[in-house]
Amino acid sequence: MLRQTKYLSSRYNEPDGWSLSAYERDGGYKQAKRVLGGMTRDALIEDMKAANIRGRGGAGFAMGVKWSFMPWPPKPEKPHYLVINADEGEPGTFKDRTIMEKNPHSVVEGCIIGCYGIGAHTAYIYVRDELHLSKERLWGAINEAKAKGYLGKNPFGSDYAVEVFVHTGAGAYICGEETALLNSLEGKRGEPRLKPPFPAQAGAFGMPSTVNNLETIAIVPTALEMGGDAFSKLSELHNLKDGGSRLFGVSGHVNTPGVFEACVGLTLRELIYDLGGGVKGGKLLAVIPGGSSCPILRADDLVSAPNEKSPLFPWNGKSVLDVPLGVDTFRALGTMLGTCCAIVLSDQACPVLAMHNLMRFYRHESCGQCTPCREGSAWIFRIMDRIVAGQASIEELDRLSEIADNIMGNTICAFGEGTAMPALGFLKKFRREFEQYILTRGKSSPNRLTLPGHFAGAAE
Ligand SMILES: Cc1cc2nc3c(=O)[nH]c(=O)nc-3n(C[C@H](O)[C@H](O)[C@H](O)COP(=O)(O)O)c2cc1C
């Protein structure tokens, strides 16, 4: 059942929808005022837990639970920080940018509430430098809020000081990984840190910190206004603790690519055909569900739930296109929900060229810190290059799987899995097409269409 919503995106089409006056016209900043006006931290966290907001940055961790990990009470010598991840480097993902450009005050209000919830007085929003309009709109919103007395020493007349800053990154995919982001924020090289310690123990500047995706924080005022439980129940997957509404992106071979807001539980079929306007130039071949790091699904895949305990049980035997998009449902399908921004491939696309393109991106973006990732991503790309050049043998497909398997679990951060999982996914789902491609030196695949847009050739 297609249930579009208009919370974050309610003013996306208004020319001044990003301004403070427009935000306040829709009830903006009332929740920040309420929270700072005397809501207890426990009540706030309980409401956020009830909202079942799963992190929108890719891993799908429960937001309220993450806030509750912060040490309490804060010690004066150990200030807490809220860090907002707006790096948005995942290929095919462009949802946070729409919030920054069209609804920046929801981020600032979310930061005020978030700071209160985790005992921080400072929030940093980490944005990649090339997003000029995003930075301008965020700084504009911060300055407008400050001028009105919503930020600073005594926001809304309270004695809970909050400051929000925008910090720019130079545009490296790895700086979206939370600990690499923290290093970059501190002015160090953007390389991931070993965990533990986790950011809640030692994050920004060695102090307890919470890192949240920008959409995760921007939806907080809405959830609070509605009440956590009511917000959660918007979702068809409420019982799986995956609540509310969120932004869904769709790009690639669709007629109307874009970002749409809907209740959690929307299906790929609805996203592609109802919101994305249907497949462009051919029939649906496959979908990468949530950013390029998620293993690909074939359109002809059917659900096969192992038992009644599986989150997929109600959809057993149905097409994967009819499974509600959720963190646990898509994990059970053997892929991931990721950023919830799907990349669509029509049957005019060549899966070999699509994987070649993706692997160029990962080879380029590996930070090089861990040998399996640095060498493995380059090795995978070299073999893909040989396949595309008609120089590879079928045996090299097994070599590809072996290299990817050896990256998995052997790196400091999840970039390694983000490279290996899509590679293994393509090889598993399109083994026949890869073999044909190698045997015919590419003649089996006359369609030279690769993935369009965001990351086509972007890595060189
Ligand atoms: C290589 C890599 C890149 C990532 N890029 C982003 C990103 O651009 N934005 C983001 O919010 N999370 C990104 N993440 C996930 C973050 O590490 C982290 O889980 C997230 O910011 C937590 O926020 P959330 O709990 O609100 O989702 C990335 C992870 C990895 C491994």
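In this predicted model, the C-alpha centres of domain 1 and domain 3 are separated by 35 Å. Their contact draws on 11 residues from domain 1 and 8 residues from domain 3. On the domain 1 side of this contact, the residues divide into 7 nonpolar, 2 polar and 2 charged. The domain assignment places domain 1 at residues 20-232, domain 2 at 244-346 and domain 3 at 351-439.

Domains 1 and 3 come up again around the ligand, since each of them gives at least three residues to the surrounding shell. This shell holds 25 residues, and the closest to the ligand are Gly55, Gly57, Gly176, Asn213 and Thr216. Two elements, strand 4 (209-213) and helix 17 (415-429), give two or more residues to the shell. The largest share, 3 residues, belongs to strand 4. Sorted by class, the residues around the ligand are 10 polar, 8 nonpolar and 7 charged.

Turning to the sheet, five strands form an open arrangement in the order 6-5-9-7-8, and their pairing is mixed. Strand 6 (258-263) and strand 8 (297-298) are the edge strands, each of them pairing on one side only. Strand 6 has strand 5 (245-252) as an antiparallel partner, and 6 bridges join the two. Within this pair, arginine 246 stands opposite alanine 262 of strand 6. Strands of a sheet are paired through backbone hydrogen bonds, in either a parallel or an antiparallel sense.

Edge strand 8 also leads to a loop worth a visit: serine 304 sits in the loop that runs between strand 8 and helix 13 (327-332). Is serine 304 buried or exposed? Serine 304 is exposed, because 12 other C-beta atoms lie within 10 Å, and a residue counts as exposed at 12 or fewer. Between the C-alpha atoms of serine 304 and proline 197, which are 107 residues apart along the chain, the separation is 38 Å.

The nonpolar interior gives a contrasting view. The largest nonpolar core has 140 residues, and those with the most contacts inside it are Val83, Ile84, Val107, Cys111, Ile125 and Val344. Valine 107 can serve as a guide to this core. With residues up to four places away in sequence left out, valine 107 touches Ile84, Ile99, Met100, Ile125, Leu138, Leu214, Ile217 and Ala218. In soluble globular proteins, nonpolar side chains tend to be buried together.

Methods:
Residues are numbered from 1 along each chain as its sequence is written. This is a predicted model: local features need pLDDT of at least 70, side-chain atom pairs count only at pLDDT 80 or more; totals for chains, interfaces and linings use all residues. A residue is near a molecule or strand if its C-beta atom, placed from the backbone, lies within 6 Å of it. Helices (H or I, at least four residues) and strands (E, at least two) are DSSP runs, numbered from the N terminus. Ala, Val, Leu, Ile, Met, Phe, Trp, Tyr, Cys and Pro count as nonpolar, Asp, Glu, Lys and Arg as charged, and the others, Gly among them, as polar. Domain bounds come from an automatic or database domain assignment. Two strands pair if DSSP finds at least two bridges between them. A nonpolar core is a set of buried Ala, Val, Leu, Ile, Met, Phe, Trp, Tyr and Cys residues joined through C-beta atoms within 7 Å. A residue is buried if 20 or more other C-beta atoms lie within 10 Å of its own, exposed if 12 or fewer, and partly exposed in between; C-beta atoms are placed from the backbone. Two residues are in contact if their C-beta atoms, placed from the backbone, lie within 7 Å.
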